[in-house]
Amino acid sequence: MDHKITMENLQEIIQSIPLLSASASRLLQVTANPDHELEEVISLVKTDANLTARVLKVVNSAAFGLMTEITSIDRAISYLGERIIVSIAIGDCAGKLFEKELSGYEAAGGALWKHDLRTAIAARELVVQSGADISPDLAFTAGLLHDIGKSLISDYLKDTAPDAVSQISSQDSYDYLAAEEKLVGIPHTVAGYELAKAWQLPNELCEVILHHHKPSEAAEEARALTYAVHLGDNIAMLGGFGTGSDSLQYHLDSGYNEYLNLPPKVLDSVMLEVDIEFQKLEQSLEGMGG
Ligand SMILES: [Fe+2]
Ligand SMILES: [Fe+2]
């Protein structure tokens with residue numbers, strides 16, 4: 001494919017993608033509300049037999065090394081935490097989008113999931129460490145979804161990775177987003193944002209997806225969260241886990257200081273923490289969308 005994507009094409013692509021299940025959609029809405037109770041999450045999961053089965057399978061997987069099997073869904077959810085429940089729900093509905101090979105970015109299957117999972121862990125940890133008034137679990141979800149637009153435009157970007165990189169090095173394009181826009185008409189941020197709207201994701205998540213490379217442009221109520229994901233994304237890329245040809249081909253906005261109190265020492269420890277947590281989660285969530 002070598003033609004540009006119009007907004008109309010993009011809507012067609014989005015219509016070909018399954019909607020989130022009702023329970024996944026509700027779960028994202030509920031957990032985005034800072035005042036929600038764990039009970040609401042538990043009763044939502046209980047309405048979905050597939051999700052319940054998956055949650056029990058994950059909690060009893062070897063990665064968590066429990067001595068006795070957990071058979072109660074209430075206990076499983078308390079033990080795993082909301083972010084893992086949300087990951088399982090997203091993976092069940094949209095796993096294929098995360099697992100597909102992104103040939104437009106010269107990235108193997110699964111690379112997006114790994115990058116997103118690392119970004120999610122880092123964004124959550126940054127929020128925790130900074131003491132910002134943001135839900136750490138919401139930061140995790142936002143990290144997980146931030147680059148979803150790549151799987152929508154990747155096929156159209158096929159064979160353009162060398163052009164994109166050379167446009168940036170010759171300063172014809174400011175960053176990979178600008179290169180995507182020149183090459184196929186729509187950057188992955190806009191593609192992801194349109195999908196997020198079609199999925200009726202909470203507004204904060206839509207903002208993060210659209211602005212994660214330019215967090216200062218996010219709506220004020222979502223800006224600190226967007227900075228956390230922006231930094232988390234960079235930590236994932238610096239750790240060697242980008243999604244392929246675009247890794248580190250963006251600009252870091254150092255204005256995060258205004259929103260997140262993060263001394264440099266903390267940033268180093270977050271990098272280490274991401275590695276440790278990633279090993280555990282990757283193993284326990286293995287087979288996501290596969
Ligand atoms: Fe991105
Ligand atoms: Fe990213």
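Trainee: What spacing do the donors of the iron ion (ligand 1) follow along the chain?

Mentor: In this predicted model, the donors of the iron ion (ligand 1) follow the spacing D-x40-H-x23-H-H. Asp147 lies in the loop between helix H8 (136-145) and helix H9 (149-153), and His213 in the loop between helix H13 (203-211) and helix H14 (220-238), so the pair ties together parts that are 66 residues apart in sequence.

Trainee: What makes Asp147, His188, His212 and His213 protein donors of the iron ion (ligand 1)?

Mentor: A donor is an N, O or S atom within 2.8 Å of the metal. The OD atom of Asp147 and the NE2 atoms of His188, His212 and His213 lie 2.1 to 2.2 Å from the iron ion (ligand 1), so they count as donors.

Trainee: Why is the site of the iron ion (ligand 1) called irregular?

Mentor: Its four donor atoms make angles of 87 to 175 degrees. Four donors count as tetrahedral if all angles lie between 85 and 135 degrees. An angle of 175 degrees falls outside that range, so the tetrahedral label does not apply. The site is classed as irregular. Water is not among the atoms, so sites may look incomplete.

Trainee: Which residues are the protein donors of the iron ion (ligand 2)?

Mentor: They are His115 (NE2), His146 (NE2), Asp147 (OD) and Asp233 (OD), at 2.1 to 2.2 Å from the ion. Along the chain these donors follow the spacing H-x30-H-D-x85-D. The pair of His115, in helix H7 (residues 111-130), and Asp147, in the loop between H8 and H9, links distant parts of the chain, 32 residues apart.

Trainee: Why is the site of the iron ion (ligand 2) also described as irregular?

Mentor: The angles among its four donor atoms run from 82 to 173 degrees. The tetrahedral range is 85 to 135 degrees, and both 82 and 173 degrees lie outside it. The site is therefore not tetrahedral, and its class is irregular.

Trainee: What makes Asp147 a bridge?

Mentor: Asp147 coordinates both the iron ion (ligand 2) and the iron ion (ligand 1), and these ions are 3.7 Å apart. Asp147 is buried, and so are His213 and His115; buried means under 20% relative accessible area.

Trainee: How do you know that Ala62 is exposed?

Mentor: Exposed means a relative accessible area over 50%. Ala62 has 70%, so it is exposed. Ala62 is placed in the loop between helix H4 (49-59) and helix H5 (73-80). Its C-alpha atom is separated by 8.3 Å from that of Gln283, which is 221 residues away along the chain.

Trainee: Why are the buried residues of H4 said to line one face of the helix?

Mentor: The buried residues of H4 are Leu51, Thr52, Arg54, Val55, Val58 and Val59. Seen down the axis of H4, they fall within an arc of 165 degrees, so they line one face. The face turned away from this buried side carries the exposed residues Ala49, Asn50 and Lys57. Among the elements covering the buried residues of H4 are helix H2 (22-32), helix H3 (38-46) and helix H15 (264-284).

Trainee: Why is H8 called largely enclosed by the rest of the structure?

Mentor: Nine of the ten residues of H8 are buried, so the helix is largely enclosed. The buried residues include Asp137, Phe140, Thr141 and Leu145. Their cover includes H2, H6, H7, H13, H14 and H15.

Trainee: What makes the buried residues of helix H10 (residues 161-169) a single face?

Mentor: Ala161, Ala164, Gln167 and Ile168 are buried in H10. Viewed down the axis of H10, these residues fall within an arc of 130 degrees, so they line one face of the helix. They pack against helix H11 (176-184). Pro162 and Ser169 are exposed on the other side of H10, and just after the helix Gln171 takes a positive phi of about 60 degrees.

Trainee: Which residues touch the most other members of the largest nonpolar core?

Mentor: Val55, Trp199 and Leu201 do, in a core of 96 residues. H7 gives the most to this core, with ten residues. Not counting residues up to four places away in sequence, Leu201 touches Leu20, Leu28, Gln29, Leu145, Ala196, Cys206 and Ile209.

Trainee: Which residues does UniProt list for "domain: HDOD"?

Mentor: The unreviewed UniProt entry lists residues 17-215. In the model, this span is 65% helix and 0% strand, and its end C-alpha atoms lie 27 Å apart.

Conventions:
Residues numbered from 1 in each chain as written. Chains lettered and ligands numbered in written order. Predicted model: local features only at pLDDT ≥ 70, side-chain atom pairs only at ≥ 80, totals over all residues. Heavy atoms only, no water. Donors = N, O, S within 2.8 Å, 3.2 Å for Na, K, Ca; no water. Tetrahedral: all angles 85-135°; square planar, octahedral: opposite > 155°, others 65-115°. Helix = DSSP H or I, 4+ residues; strand = E, 2+ residues; numbered from the N terminus. Buried < 20%, exposed > 50% of the residue type's maximum accessible area, 1.4 Å probe, protein only. UniProt positions renumbered as here; feature names shortened; annotations may be inferred. Core = buried A, V, L, I, M, F, W, Y, C linked by side-chain atoms within 4.5 Å. Contact = heavy atoms within 4.5 Å. Arc of directions from axis to C-beta.
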